[in-house]
2 protein chains.
Amino acid sequence: MISDLSPTALAGLPRRVTVYEVGPRDGLQNESQILDTELKAELIRRLFQAGFTRVEATSFVNPKSVPQLADAESVLKRLASSDLERVAALVPNQRGLDRALSCGVRHVAVFASATETFAQRNLNMSVDESIETFKPVVERALSEGLSVRGYLSMCFGDPWEGAVSAERVAVLAHRLFQLGCGELSIGDTIGVATPGQVVEVISAVLSVGVELQQLAMHFHDTYGQALANALASLQQGVTTIDASAGGLGGCPFARRATGNLASEDLLFQLNGLGIETGVDIRAVADASAWLVAELGRPSPSRVVGAILARGDQ
Amino acid sequence: MISDLSPTALAGLPRRVTVYEVGPRDGLQNESQILDTELKAELIRRLFQAGFTRVEATSFVNPKSVPQLADAESVLKRLASSDLERVAALVPNQRGLDRALSCGVRHVAVFASATETFAQRNLNMSVDESIETFKPVVERALSEGLSVRGYLSMCFGDPWEGAVSAERVAVLAHRLFQLGCGELSIGDTIGVATPGQVVEVISAVLSVGVELQQLAMHFHDTYGQALANALASLQQGVTTIDASAGGLGGCPFARRATGNLASEDLLFQLNGLGIETGVDIRAVADASAWLVAELGRPSPSRVVGAILARGDQ
């Protein structure tokens, strides 16, 4: 019977993976209660201490749109310079880039949508208009020596438009890549992807010239699929997976977008697979346990829940 | 770059999978509040209506050990004969088998542990003693024309003994198989497995002569790994995955064993992969939503949570 086994079933796994921590931005932006600036700064500090190399700290969007992140500058001012040079921040336009530059941020991200409806709701413009808007932003960021990540959201389905084709994702990924983004994050904003679709989309994106090491996958756990989709991504050789400490997250412009893949649940899998990350899972879980205690509610992360239930916190 | 892709990364998936529903037994046995007998019967009815071919309905253990399942006979009496002939029930010994036979049950299961500590705690005997105890039970069940499933728990780690070797699992699986069990369920009782270990254990069990179609995998979601482990199992060609409606579950003898893999979350993945199950995910989620409303708490299933949050329940 051993011959029935495919010995390559878990082949293709990378030796080392970057867990790109989005908790302070993607995790907190949907919190209805405005959090204390120092709490946000302390979360970022704890995450760097846990070993993350990149922490997405905030977003320089219009404070009226996302009041939770209106204190972006104040949060960053509280960080040590060694942390500040490693944070990333979202910049939707030139004004956002101005703010990021004035804070000393070295890593920025622009964010486009794979669907027209979400582009209108999230950015108040068409997909084409958003990419035109990003073009000079990316150019200036690159000329200032910054690294630029491009997000593409709703890549696996959209609450208004339904299915999204892998070809459309690939075409838009290519356009973001052509703008000069050094890394692309392909997002399942509403958490509807399953592993076959993940393989299909990765294949499509790689086919337009994006290199594996330029690709990040970003999953939400709305339907419990995030970690299995991460596994399917790893089997394709993907080396960067976005995740959020404690599984916090959502999107104020997409009600059905619930928590991100929890960093701890991903790290548990990566540790079990012997894949290096440089991140201490226990330190991340401790940071999440501290944060949810501050927020006064349970953590969506199974690992954090299990550690707290065990009482060895 | 397309050449870097492994086209076989999701190869090996079966076309059809049996989701073996353990909710009424594994899901409810750990509930501290004793549930109404009719509620249990109604849950079983709803699950069969949703399309499951096998529902593990109860356990004929000593009522003093598991008071929640003390009404096993009364639950089964409330079922239509078409449902009764499809339920499965746990039988720890001859007395349990007597009770199952007197109810008209046609599918029974014995349950052994891969570790000595859990055997002592769960069964109050050594692993060898438990297998000796099961031997005449399985023989008699088979002579009565029943089908017999064998559970092997703690196959990926044990809270007292730590790591469990794949070789030990294979040897014990072989012994259960030699007793005459037609199906073996390999359990990650405390939810610590990761996909590489899953592939290793499946490989080991198949190497001792167990056929793929006789193998079921049973995951708990304590650390959020259950669905990714199910995916790894499917990639090995496994055709039966145990799951619990709404992700309820645990084990009264292993405090750290929290919820089972949620049937709905598994079905969402299987549907997305185009794998047939014959089960209506919406009907299962409706049953789970009804049950958690009766229990007065949220569902651990992400799918059930998402459906309820969307308000289209």
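**Exercise 1. Work out how many residues each chain gives to the contact, and what kinds chain B supplies.**

Step 1. Count both sides: 46 residues come from chain B and 46 residues from chain A, where two residues are in contact if their C-beta atoms, placed from the backbone, lie within 7 Å. This is a predicted model, in which local features need pLDDT of at least 70, side-chain atom pairs count only at pLDDT 80 or more, and totals for chains, interfaces and linings use all residues. Residues are numbered from 1 along each chain as its sequence is written, while chains are lettered from A and ligands numbered from 1 in the order in which they are written.

Step 2. Sort the chain B side that touches chain A: 20 residues are nonpolar, 19 polar and seven charged. Here Ala, Val, Leu, Ile, Met, Phe, Trp, Tyr, Cys and Pro count as nonpolar, Asp, Glu, Lys and Arg as charged, and the others, Gly among them, as polar.

**Exercise 2. Find the operation that superposes chain B on chain A.**

Step 1. Fit by least squares on the C-alpha atoms of residues with pLDDT of at least 70 in both copies. The result is a rotation of 180° with 0.0 Å of shift along its axis, at RMSD 0.0 Å.

Step 2. Name the relation: this is a two-fold axis.

Step 3. Look along chain B for the C-alpha nearest the axis; Ala228(B) holds it, 2.0 Å away.

Step 4. Compare the surfaces: 100% of chain B's contact residues recur in chain A, so the same surface serves both copies.
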